[in-house]
Amino acid sequence: MRRTTYHNAAPLAQDLWSIRKALTLSDVDITHPFLTLPRQGVEDHIVVHMSPHDREHLRNVEHVIVNAQDDDTGEAYVMKLKWRGSYYNLIGKWGKIVRVKGLDVGREIKIRWSNGCLHFSVSPPQNVVEPQIRIVAAPQEQQQWPIKKVLTLSDVDTNHPFLHLARRPVEDHILVYLTQQEREQLRNEEPLNVNAIDNDTGDLYAMKLKWRGSYYNLIGNWGKIVRRKGLGVGKEIKMRWANRCLHFSVPQGPTAAALAVLDQWPIKKALTLSDVDTNHPFLTLPGKAVEDHILMHWTTQAREQLRDDRQLNINAQDFDTGDLYAMKLRWRGSYYNLIGKWGQIIRGKQLHVGKEIRVCWDNGCLLFSVPQ
């Protein structure tokens, strides 16, 4: 499935507008104005065209000044592109753009880089984007439970109990029903008290929703819920907001994800610009994939050490050559970095943007392969 995604992504690079996204609630919040952009899209279609000096500045200072132009009106803006690790933010005049263009949730913004300038355009309200959103939400099951996720290792860890929720579903299906004051409280990084009800049992819980930038955590009595319901990796949780209350349900029986046969290489990704930067060598791996296919094989003590120290020494082996490396896996919250000898691996295997790397855990060792 991942490989299909990568192969299909290639033609998009030829599109006039190489980055497209539907605006979310946080994108149009003028009290904390910023546009969130996916890391791979920015690195493949914007950062790659910057000068080495600007790329260095972006990595070291974590932001760079860019000229931006609204192709709908011709207006020019001086803005900042800020690196946030697993994603990028466009800040500066974004609040003004939201107000002037009357942007709201669901509108599509298109972005490209040309002649040293970031160009953007926003589809008009009567554009086909709106009907597409209504069509997607039409099925009854999606309306009843708009948020679904398969529980990961960190979700069911009762020593550090929290439920990790993706930002966009929370903003589209929960925050949209909150008051402006409640949204402000979240944006100020203050946890929001919410009532949660287990639809399977009728039990009511006092919990907290906490904003973590690129995602949200549900905390409070989550550890109690994990123990009571006997939750484990691979179980599916469904959520919705109704009558000022967060409803959740965990269907009994195995889910499709739990029954799926594990691939020999369960983690696959196309290398991005940051993955092959030998000046700051690290390989970024998605949090869910690492927790589901690497950490689940570790001892409780090893997982605890990773959480406490934020990194852990591991052995890694190049499956293609048999070479062994002493490396470190570093926990970064929503993702992980593989560091240590990664720069040596980049040079030795001549890795470049777009190459696919495959990763798995076997007999206490991280194996990786880069097909030729």
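In the predicted model, strand β5 (residues 87-91) is mostly covered, with four of its five residues buried. Strand β2 (residues 35-38) runs antiparallel to β5 and is joined to it by four bridges. Within this pairing, Leu37 has Tyr88 of β5 as its bridge partner. Strand β4 (residues 76-83) also pairs with β5 in the antiparallel sense, over four bridges. Here the bridge partner of Trp83 in β5 is Tyr88. Tyr88 is thus a bridge partner of Leu37 and of Trp83. The strands β4 and β5 form a hairpin with three residues between them. Gly85, in the turn of this hairpin, has a positive phi of about 95°.

Helix α4 spans residues 94-101, and its buried residues are Trp94, Gly95, Ile97, Val98 and Lys101. Viewed down the axis of α4, these buried residues fall within an arc of 160°, so they line one face of the helix. Arg99 and Val100, on the other side of α4, are exposed. The cover over the buried residues of α4 includes strands β2, β4 and β5, together with β3 (63-70), β6 (108-114) and β7 (117-122). Just after α4, Gly102 takes a positive phi of about 60°.

Lys101 of α4 also takes part in a salt bridge, its side chain meeting that of Asp70 at 2.8 Å, N to O. The pair links distant parts of the chain, with Lys101 in helix α4 and Asp70 in strand β3, 31 residues apart. Both Lys101 and Asp70 are buried. Asp71 forms a salt bridge with Arg112, and the closest N and O atoms are 2.8 Å apart. This pair also links distant parts of the chain: Asp71 lies in the loop between β3 and β4 and Arg112 in strand β6, 41 residues apart. Asp71 has a relative accessible area of 28% and is partly exposed, whereas Arg112 is buried at 17%.

A further sheet is open and consists of seven strands in the order β8-β13-β14-β10-β11-β12-β9, with mixed pairing. Strands β8 (147-150) and β9 (163-166) stand at the edges, each with a single partner strand, so one side of each is left without a neighbour in the sheet. From one strand to the next, the twist averages 30°. At one of these edges, β8 pairs with strand β13 (residues 236-242) in the antiparallel sense over four bridges. In this pairing Val150 stands opposite Glu236 in β13.

Two helices lie across strands of this sheet. Helix α8 (residues 180-187) lies across β10 (192-198), β11 (204-211) and β12 (215-219), and runs at about 60° to β11. Helix α9 (residues 222-229) lies across β9, β10, β11, β12, β13 and β14 (245-249). The angle between α9 and β11 is about 125°.

Arg187, in helix α8, forms a salt bridge with Glu171, and the closest N and O atoms are 3.0 Å apart. The pair links distant parts of the chain, since Glu171 belongs to helix α7 (residues 167-173) and Arg187 to helix α8, 16 residues apart. Both partners are buried: Arg187 has a relative accessible area of 6%, and Glu171 has one of 1%. These two residues also belong to a network of salt bridges that links Asp29, Arg167, Glu171 and Arg187.

Over the whole structure, a search finds 21 salt bridges. The protein has 13 helices and 21 strands. Of its 372 residues, 47% are buried. Among contacts between residues at least 6 apart in sequence, 59% join residues at least 24 apart. The protein exposes about 18,500 Å², of which carbon and sulfur atoms supply 49%.

Methods
Residues numbered from 1 in each chain as written. Predicted model: local features only at pLDDT ≥ 70, side-chain atom pairs only at ≥ 80, totals over all residues. Heavy atoms only, no water. Buried < 20%, exposed > 50% of the residue type's maximum accessible area, 1.4 Å probe, protein only. Pairing = 2+ DSSP bridges. Axes fitted to C-alpha atoms, helices over the stretch in contact; angles between N-to-C directions. Contact = heavy atoms within 4.5 Å. Arc of directions from axis to C-beta. Areas by Shrake-Rupley, 256 points an atom, 1.4 Å probe, with all protein chains shown as cover. Salt bridge = Lys/Arg side-chain N within 4 Å of Asp/Glu carboxyl O.
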